Amino acid sequence: MRALHAPRGLALLPLLAFLAVLLALALVPAFASSPYALHVMILLFLSIIMGEAWNVLGGYTGQYSVGHAAFFGLGAYVTMMLMQFKQVPPWWGVWAAVAVAVGVGVFIGAITFRLRGPYFVLASIAVAEIIRLVALNWKDATNGAEGILSTEIPPLSIGGRLITDFGSKVPFYYAGLALVAMTIAANWLVQHSKLGYYFQAIREDQDAAHSLGIHLALYKNIALAISAFFTAWAGSYYALYVGFIDPSTVLSIDISVQIVLICIIGGIGTILGPVVGALVLVPLSEALRSNVIYEGLQQAGIVSEGSRIGSFLKENLAHAHVLIYGILVVIVILYMPDGVLGFAKKMAARRAARRAAAAGGSR
Amino acid sequence: MAPILDIQHVSKFFGGLAANSDVSFSMQEGMIMGLIGPNGAGKTTLFNCITGYYPPSRGDILFEGRRINGLQPDRVCMLGMARTWQKVRPLAKMTVLDNVMVGALARTSSLRVAREAAAEQLRVVRLEHKAAFLAGGLPIGERKKLEVARVLATRPKLLLLDEVMGGLNPAESEEIIQLILEIKKRGLTQMVIEHDMKAIMRISDRIVVLNSGEKLAEGAPQEIVTNPEVVTAYLGESLA
């Protein structure tokens with residue numbers, strides 16, 4: 001509808017904003033050379049990619065998968081196994097990883113998409129657990145619980161010219177930024193095509209969608225394939241960045257839940273939602289981990305290190321970061337059911353309505 | 001002329017219960033067929049069998065001479081048969097225009113073409129002023145119109161309307177009646193389930209009466225109102 005009435009130039013505005021942000025982010029490494037700052041940015045990129053990828057299936061199509069660790073883990077494992085055991089450079093290996101994840105995804109989809117609502121959620125968890133157990137027990141291929149440590153990523157050169165030797169965080173920063181740009185672009189393309197309309201119709205009412213000529217299994221599988229593709233990319237990226245994977249880090253249900261949370265916190269079914277979710281969750285979890293709360297309390301003079309309460313808090317607040325994180329998530333879900341983005345939109349709409357009412361009253 | 005829809009001895013069992021049992025009738029192109037019967041007579045079950053939601057347990061359904069039982073609802077829609085729902089199913093978080101566009105996308109992959117087609121169908125049901133509203137926020141009368149616009153956008157040859165006047169006030173019902181007659185003028189064939197007897201008598205060319213899953217009677221509206229069996233089914237033994 002908006003496009004029907006909005007002048008053409010207005011449609012370009014979000015695109016220009018997107019490009020401007022990308023350009024600004026591309027300049028960051030030139031100014032911020034602190035490895036920790038780049039590390040946090042890379043974690044942020046990773047979260048955005050994972051969230052945007054899940055968004056295609058969970059957000060637009062309404063199929064709430066709590067098993068995306070399967071695709072994340074497959075991406076990570078296939079890339080690392082090829083690199084460490086078969087000497088395949090990761091920029092080729094990642095395509096194999098993505099292909100495997102999409103293949104597994106479509107196979108799973110063919111089985112689990114007969115299930116609706118909570119049954120699909122349970123099936124998605126079960127599938128991810130199966131893949132985790134396979135990785136844990138198929139020791140010849142995966143090293144089992146020991147995991148895979150990457151010794152060294154081969155330097156990337158094109159036509160004999162060295163592009164990067166992956167010696168610092170900077171190449172990972174740029175790779176992450178590029179992946180974020182591509183994932184968001186893919187989301188935008190989906191939203192502005194027949195696919196997006198069909199995905200949303202399936203989310204809103206499957207039976208109605210079916211009666212309007214939508215092949216449910218086909219379109220759900222397309223959504224899953226797109227989602228698995230980018231999630232596997234994220235897994236591959238994570239594995240290369242961290243340099244070590246094992247079943248309990250890349251295939252655990254924690255990853256699946258984390259992915260869902262990014263979208264729920266930010267706002268499901270919108271392009272900006274996962275970005276907002278990542279912007280909230282990543283700094284929050286980093287801050288809690290590094291005991292910012294205790295330092296704040298100490299600096300405010302509420303507690304001192306010498307006192308019993310002070311030492312207790314210093315000891316324990318850092319460990320309690322998961323607890324605090326969980327409580328905050330519950331609060332957001334309770335009071336902002338449409339996520340932070342939806343909440344902000346509602347607030348803006350309410351303020352606009354109030355202003356309109358005030359203007360009407362003064363007339 | 002060969003019938004556009006031919007229902008041959010269709011039965012549908014749920015366990016031991018026969019929701020439809022040996023129902024046969026056929027429809028000619030361009031006609032309006034009324035489908036009536038007391039609650040639980042099997043009208044909606046028959047709709048579900050025809051549109052692919054359930055395969056019939058026995059019998060055949062032929063659309064334009066082609067056997068369609070067992071086809072999935074999306075295939076049935078693509079063949080040119082579209083249905084509305086007794087309990088309306090708006091795509092709540094999408095706009096009214098987007099809802100109709102989903103229907104129009106059955107025939108095109110271009111959003112621009114679909115948008116134009118959708119806007120046209122909204123004009124047909126006189127809902128164009130609500131195009132930018134979220135479908136979930138519409139009152140019931142407009143939701144029913146939206147259902148009709150959305151199925152019209154799939155460009156059906158045969159339209160199955162399941163109680164489109166249910167829950168509407170007399171003025172809204174009258175609008176729907178005019179809409180159905182207008183659709184007929186465009187050459188579309190329609191099958192209409194309705195409880196409002198006055199309305200069904202006015203719009204139908206022929207009427208099929210179902211009772212306890214079986215076809216009780218078929219004929220022109222005048223024949224149906226004077227049929228003693230139909231009167232008994234509706235009003236009970238003693239009044240007949």
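In this predicted model, helix H3 (residues 35-60) and helix H11 (residues 216-242) of chain A pack against each other, with their axes 8 Å apart and at an angle of about 165°. Angles over 145 degrees count as roughly antiparallel, so H3(A) is roughly antiparallel to H11(A). The crossing of H3(A) past H11(A) is left-handed.

On the H3(A) side, the contact is made by Ile42(A), Leu46(A), Ile49(A), Met50(A), Glu52(A), Ala53(A), Trp54(A), Val56(A), Leu57(A) and Tyr60(A). Their partners in H11(A) include the aromatic residues Phe230(A), Trp233(A), Tyr237(A), Tyr238(A) and Tyr241(A). Ala223(A), Leu224(A), Ile226(A), Ser227(A), Thr231(A) and Ala234(A) also belong to the H11(A) side. Counted by class, this helix pair brings together 18 nonpolar, 2 polar and 1 charged residues.

Chain B is divided into two domains: domain 1 covers 1-80 + 157-240, and domain 2 covers 88-155. Taken over C-alpha atoms, the centres of these domains of chain B are 24 Å apart. Each domain of chain B gives 9 residues to the contact between them. On the domain 1 side, helix H2 (73-79) and helix H6 (170-185) of chain B each supply at least two residues, and H6(B) has the largest share, with 3 residues.

Between the chains, 28 residues of chain B are in contact with 18 residues of chain A. On the chain B side, at least two residues each come from H2, strand E6 (81-83), helix H3 (96-104) and helix H4 (111-124) of chain B. The largest share here, 5 residues, belongs to H3(B).

The class counts for the three contacts are set out below.

| Contact or side | Nonpolar | Polar | Charged |
|---|---|---|---|
| H3(A) with H11(A) | 18 residues | 2 residues | 1 residue |
| Domain 1 of chain B, side touching domain 2 of chain B | 7 residues | 1 residue | 1 residue |
| Chain B, side touching chain A | 16 residues | 5 residues | 7 residues |

As to confidence, chain A averages a pLDDT of 86, and 96% of its residues score at least 70. Within chain A, helix H9 (residues 194-204) has the highest mean, at 95, whereas helix H1 (residues 2-5) has the lowest, at 43. The pLDDT is below 50 over residues 1-8 of chain A, a stretch that has 7 contacts in the model beyond near neighbours in sequence. Where pLDDT is low, the predicted coordinates should not be read in detail.

Terms used
Residues are numbered from 1 along each chain as its sequence is written. Chains are lettered from A and ligands numbered from 1 in the order in which they are written. This is a predicted model: local features need pLDDT of at least 70, side-chain atom pairs count only at pLDDT 80 or more; totals for chains, interfaces and linings use all residues. pLDDT is the predictor's confidence in each residue, from 0 to 100. Helices (H or I, at least four residues) and strands (E, at least two) are DSSP runs, numbered from the N terminus. Two residues are in contact if their C-beta atoms, placed from the backbone, lie within 7 Å. Domain bounds come from an automatic or database domain assignment. Ala, Val, Leu, Ile, Met, Phe, Trp, Tyr, Cys and Pro count as nonpolar, Asp, Glu, Lys and Arg as charged, and the others, Gly among them, as polar. Axes are lines fitted to C-alpha atoms, for helices over the stretch in contact, and angles run from 0 to 180 degrees between N-to-C directions. Angles under 35 degrees count as roughly parallel, over 145 as roughly antiparallel, 65 to 115 as roughly perpendicular and the rest as oblique. A crossing is left-handed if the near helix is turned anticlockwise from the far one by less than a right angle, and right-handed if clockwise.
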